[in-house]
Amino acid sequence: MNRKILLGVLLLAFVAYAGWSFADSVTPYVGIAEAQKSTGNVQVKGLLAKNAPAPHMEGDNFIFTLQDEETGETMPVRYHGTKPDQFDEAYHIVAVGRYKEGAFESDKLLIKCPSKYESQKR
């Protein structure tokens, strides 16, 4: 009887931990306006803003400006890392993080480049 109770408690604890871990890892896609209002981690997809200061390093952070493809809104992004290898060829940029103190603080960038096979389709 005690083994069944212990097994049930362990199973319940595992399911609760797995659910909490999954919920914590789900990061929704939002626009720039929603990212600036959000209190948790979000993903923001955009383009490198052309009419903004050039991307550059400030200490250990890579700074650039992201532009919403649909609304044209812009937002400074402070990526905690070095400039990604394919950043200059990026078609879309996805920043994962949260907005605070006037900039989007990102720990992860996803760089989406045009496919090398795209020209062969035409």
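Is Phe-87 buried or exposed? Phe-87 is buried, with a relative accessible area of 2%. Keep that residue in mind as you go through the views below, which come from a predicted model.

**Figure 1. The whole chain, a mix of helices and strands.** Start with the overall layout: the protein chain contains three helices and seven strands. Walking along the sequence, you meet them in the pattern α-β-α-β-β-β-β-β-β-α. The chain has 122 residues, and 27% of them are buried. About 8,800 Å² of the chain is exposed, with carbon and sulfur atoms supplying 54% of that area. Now look at contacts between residues at least 6 apart in sequence: 44% of these join residues at least 24 apart.

**Figure 2. Three phenylalanines in one aromatic cluster.** Here you meet Phe-87 again, together with Phe-62 and Phe-64, and these residues form one aromatic cluster. Across the whole structure, a search finds three aromatic pairs. In one of them, Phe-62 and Phe-64 sit with their ring centres 5.7 Å apart and 35° between the planes, a tilted arrangement. The rings of Phe-62 and Phe-87 have centres 4.9 Å apart and planes at 90°, so this pair is edge-to-face. That pair also links distant parts of the chain, since Phe-62 belongs to strand 4 while Phe-87 lies in the loop between strand 5 (74-79) and strand 6 (92-100), 25 residues apart. As for burial, Phe-62 has a relative accessible area of 2% and is buried, and Phe-64, at 1%, is buried too.

**Figure 3. The largest nonpolar core.** A general idea helps with this view: in soluble globular proteins, nonpolar side chains tend to be buried together. The core shown here has 15 residues, and Val-44, Phe-64 and Phe-104 touch the most other members. Which elements give two or more residues to this core? They are helix 2 (32-37), strand 2 (42-48), strand 4, strand 5, strand 6 and strand 7. Take a moment with Phe-104: leaving out residues up to four places away in sequence, its contacts include Ala-35, Val-42, Val-44, Met-75, Val-77, Ala-95 and Tyr-99.

**Figure 4. Asn-61, a buried residue in strand 4.** Strand 4 covers residues 61-67, and Asn-61 is part of it. Why does Asn-61 count as buried? Its relative accessibility is 19%, and the buried class takes in values under 20%. The side chain of Asn-61 makes a polar contact with the side chain of His-80, at 3.0 Å. Setting aside neighbours within four places in sequence, Asn-61 is in contact with His-56, Arg-78, Tyr-79, His-80 and Gly-81.

**Figure 5. Glu-105, a buried residue in strand 7.** The last view moves to strand 7 (residues 103-112), where you will find Glu-105. With a relative accessibility of 10%, Glu-105 counts as buried. Which residues does Glu-105 touch, not counting those up to four places away in sequence? They are Arg-78, His-80, Val-96, Gly-97, Arg-98 and Lys-100. You may recognise two of these names from the previous view, as Arg-78 and His-80 are also among the contacts of Asn-61.

Terms used. Residues are numbered from 1 along each chain as its sequence is written. This is a predicted model: local features need pLDDT of at least 70, side-chain atom pairs count only at pLDDT 80 or more; totals for chains, interfaces and linings use all residues. Side-chain values use heavy atoms; hydrogens and water are left out. Helices (H or I, at least four residues) and strands (E, at least two) are DSSP runs, numbered from the N terminus. Buried means under 20% relative accessible area, exposed over 50%, partly exposed in between (1.4 Å probe, protein chains only). A polar contact is a pair of N or O atoms within 3.5 Å; within protein, one must be able to donate a hydrogen and the other to accept it, and residues adjacent in sequence count only if both atoms are side-chain atoms. Contact means heavy atoms within 4.5 Å. Accessible areas come from the Shrake-Rupley method with a 1.4 Å probe; for residues, only the protein chains shown count as cover. Rings of Phe, Tyr and Trp (its six-membered ring) pair if their centres lie within 6.5 Å; planes under 30 degrees apart count as stacked, over 60 as edge-to-face and the rest as tilted. A nonpolar core is a set of buried Ala, Val, Leu, Ile, Met, Phe, Trp, Tyr and Cys residues joined through side-chain atoms within 4.5 Å.
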